[in-house]
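Visitor: Hey, can you walk me through this one? I'll throw questions at you as they come up.

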Amino acid sequence: MNPIYQRARFLAAAACLDQAPPDEGWEVAFAGRSNAGKSSAINALCYQRQLARISKTPGRTQQLIFFALDDARRLVDLPGYGYAKVSERVKAQWQGLMVGYLQRRRSLAGFVVVMDARHPLSVFDSRMLAWRRQASLPLLLLLTKADKLGRGAARAQLDRVRNVVADEPGQVQVELFSAQARQGVESVHTLLDQWLALDGCEDGV
Ligand code: GDP
């Protein structure tokens, strides 16, 4: 494991693209329905308990949260989606922020969509896939809370989702994950290392 994941720290919160840190280096963004397990996945990947909790503080739930791994690399926690009780105005704002970020952010090297392994590919998730297609980004679909399914059922969900996305263009990977059981952490690091240009460099330099 590259040690820079453990060094992740809060860098900035942005309610619009203008507030984002300079668009340099590499970053990987995480999206997901609220409650899908996105914060837990980010925490597990960074070996920290509290890191992504910052994204849940009131007022921050509609912001992009940037975590620095080193001077050139970042993880980005995108606002959760699928809230039933959000006004049309807030939904439109959220959509503008997400689409603007996915299409304009040049340092964005990969896109992770976190889904509960028991309920993958919601209508909202499908919209993420469509935006990702337009932006031509490498994609990882993370089926998390895999510990809540038996081995056979988890494997069946993995195969089913892989089938559904088989025709998606570009690099698409689907993995089972569990923050609780720490399942899938290594495979995700391997992919993030590629996206963040960490291959072959031990210490993020
Ligand atoms: P977020 O809203 O997408 O950031 O979701 P959270 O990470 O806050 O997780 C939502 C709920 O699912 C919490 O109660 C977590 O404890 C639980 N959860 C998240 N990941 C896992 C997992 O891998 N296994 C299990 N069993 N529960 C999980």
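Visitor: Which residues are closest to the ligand, and how many surround it?
Guide: 16 residues surround the ligand, and the closest are Asn35, Ser39, Ser40, Lys56 and Asp147. A residue is near a molecule if one of its heavy atoms lies within 4 Å of it. Bear in mind that this is a predicted model, where local features need pLDDT of at least 70, side-chain atom pairs count only at pLDDT 80 or more, and totals for chains, interfaces and linings use all residues. Residues are numbered from 1 along each chain as its sequence is written, and side-chain values use heavy atoms, with hydrogens and water left out.

Visitor: What does an oxygen atom of the ligand sit 2.6 Å from?
Guide: That's an N or O atom in the side chain of Ser40. There are backbone partners too: a ligand oxygen is 2.9 Å from a polar backbone atom of Gly37, and a ligand oxygen is 3.2 Å from a polar backbone atom of Ala36. I'm using polar contact for a pair of N or O atoms within 3.5 Å.

Visitor: OK, pockets. What's the volume of the largest one?
Guide: About 510 Å³. Its lining has 30 residues, and the closest to the pocket centre are Gly37, Lys38, Ser39, Ser40 and Lys56. On a 1 Å grid over the protein atoms alone, a pocket is an open set of points where a 1.4 Å probe fits, with protein on both sides within 12 Å along at least five of seven lines, and lining residues have an atom within 4 Å of a point. The volume is the space filled by probe spheres set on those points, which are joined across faces, edges and corners.

Visitor: Which helix gives the most to that lining?
Guide: Helix α1, residues 38-45, with four residues. Helices here are DSSP runs of H or I with at least four residues, strands are E runs of at least two, and both are numbered from the N terminus.

Visitor: And how many of the lining residues are charged?
Guide: 10 are charged, next to 13 polar and seven nonpolar ones. Charged covers Asp, Glu, Lys and Arg; nonpolar covers Ala, Val, Leu, Ile, Met, Phe, Trp, Tyr, Cys and Pro; the others, Gly among them, count as polar.

Visitor: Switching topic: how many disulfides does the search find?
Guide: Zero, over the whole structure. The cut-off is a pair of cysteine sulfur atoms within 2.5 Å.

Visitor: Is Cys46 buried or exposed?
Guide: Cys46 is buried, at 0% relative accessible area. Cys16 counts as partly exposed because its relative accessibility is 31%. Buried is under 20%, exposed is over 50%, and partly exposed is in between, with a 1.4 Å probe and protein chains only.

Visitor: How far is Cys16 from Gly96, C-alpha to C-alpha?
Guide: 9.1 Å, with their positions 80 residues apart along the chain. Gly96 sits in helix α2, residues 88-104, and is partly exposed at 46%.

Visitor: Any backbone oddities I should look at?
Guide: Try Lys145, which isn't a glycine but has a positive phi of about 60 degrees. Most residues other than glycine have a negative phi. Lys145 is in the loop between β6 (139-144) and α4 (151-164). Ala197 is another non-glycine with a positive phi, about 55 degrees, and it is in the segment after α5 (185-195).

Visitor: Why does Ala197 count as partly exposed?
Guide: Because its relative accessibility is 33%.

Visitor: Last one: where is Glu27?
Guide: In strand β2, residues 26-32. Glu27 is buried, at 0% relative accessible area, and its C-alpha is 32 Å from that of Arg151, 124 residues apart along the chain.

Methods. Polar contact = N/O pair within 3.5 Å; in protein donor to acceptor, adjacent residues only side chain to side chain.
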